[in-house]
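Trainee: I have just opened this entry, and I would like to understand the reasoning behind the labels people put on it. Could you take me through it?

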Amino acid sequence: MKKLFDFEGRIGRKRFTLIFLATSIIYAILALAFIHLRGTYFASLAGEPLMVFKLICGLVLLPPALIQFSAMAKRLHDFNKSGGYILTGFIPVVQFIIIPVLVLMLISKKGDVIENKYGQINSGL
């Protein structure tokens, strides 16, 4: 479990795809649940209670996002690239182009078959 949040090591395509799909499903379910809660039970929230609700939502949605970022960094390490490339996804507007292209590349491209500066293959999980 601890290695899911670790940004060191390498993982292969299969593990990355499984982690990314699982966390995406969890993220979507949680997001839809919060949207439903906001629309039905907490529709009258305003001011501070609304901010608390949004904070709780953000804190609950943070772990799946961190797991995805960790998996992306480890997958980039499999190409002998820095995990810092995922930070380009935080650039507004550009993120809608870069992140999908990056994820498709990480799923489809084969990594280094030999040990690189980030370790042996599948050393991240």
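Trainee: Let's start with Ser-70. Where is Ser-70 found?
Mentor: Ser-70 lies in helix α2. Please keep in mind that this is a predicted model.

Trainee: What makes Ser-70 count as buried or exposed?
Mentor: The relative accessible area decides. A residue is buried when that value is under 20%. Ser-70 has 0%, so Ser-70 is buried.

Trainee: Which residues is Ser-70 in contact with, leaving aside its neighbours within four places in sequence?
Mentor: With those neighbours set aside, the partners of Ser-70 are Lys-3, Leu-4, Phe-5, Asp-6 and Phe-7.

Trainee: And why does Phe-69 get the label it has for accessibility?
Mentor: The label for values between the 20% and 50% cut-offs is partly exposed. Phe-69 has a relative accessibility of 24%, so Phe-69 counts as partly exposed.

Trainee: How do you know that Phe-69 and Phe-90 form an aromatic pair, and what kind of pair is it?
Mentor: Two rings pair if their centres lie within 6.5 Å. The ring centres of Phe-69 and Phe-90 are 5.4 Å apart, so the two rings pair. For the kind, planes under 30 degrees apart are stacked and those over 60 are edge-to-face, with the rest tilted. The planes here are at 50°, so this pair is tilted.

Trainee: Where in the chain do the two partners sit?
Mentor: Phe-69 belongs to helix α2, while Phe-90 is in the loop between α2 and α3. They are 21 residues apart, and the pair links distant parts of the chain. By the ring rule, the protein has two aromatic pairs.

Trainee: What about Val-94: why is it given its accessibility label?
Mentor: Val-94 is in the loop between α2 and α3. Its relative accessibility is 33%, which falls between 20% and 50%, so Val-94 counts as partly exposed. Val-94 and Ala-65 are 29 residues apart in sequence, with their C-alpha atoms 18 Å apart in space.

Trainee: Now the helices. What is the pattern along the sequence?
Mentor: The pattern reads α-α-α, with three helices and zero strands.

Trainee: How do the axes of α2 and α3 cross?
Mentor: Helix α2 covers residues 48-78 and helix α3 covers residues 95-108; their axes come within 10 Å and cross at roughly 55°. That angle is not under 35 degrees, not from 65 to 115 and not over 145, so α2 is oblique to α3. The crossing of α2 and α3 is left-handed.

Trainee: Which residues meet there?
Mentor: From α2 come Met-72, Arg-75 and Leu-76, and from α3 come Ile-99, Leu-102, Val-103, Met-105 and Leu-106. Sorted by class, this contact has seven nonpolar, no polar and one charged residues.

Trainee: Why are α1 and α3 described by their angle the way they are?
Mentor: Helix α1, residues 13-40, packs with α3 at about 135°, the axes being 8 Å apart. That angle lies above 115 degrees but is not over 145, so α1 and α3 are oblique to each other.

Trainee: Which residues meet between α1 and α3?
Mentor: Arg-13, Phe-16, Thr-17 and Phe-20 in α1 meet Val-103, Leu-106, Ile-107 and Ser-108 in α3. By class, that gives five nonpolar, two polar and one charged residues.

Trainee: And for the protein as a whole, how many residues count as buried?
Mentor: Of its 125 residues, 30% count as buried.

Note on methods:
Residues numbered from 1 in each chain as written. Predicted model: local features only at pLDDT ≥ 70, side-chain atom pairs only at ≥ 80, totals over all residues. Heavy atoms only, no water. Axes fitted to C-alpha atoms, helices over the stretch in contact; angles between N-to-C directions. Helix = DSSP H or I, 4+ residues; strand = E, 2+ residues; numbered from the N terminus. Left-handed = near helix turned anticlockwise from the far one by under 90°. Contact = heavy atoms within 4.5 Å. Nonpolar A, V, L, I, M, F, W, Y, C, P; charged D, E, K, R; others polar. Phe/Tyr/Trp six-rings, centres within 6.5 Å; stacked < 30°, edge-to-face > 60°. Buried < 20%, exposed > 50% of the residue type's maximum accessible area, 1.4 Å probe, protein only.
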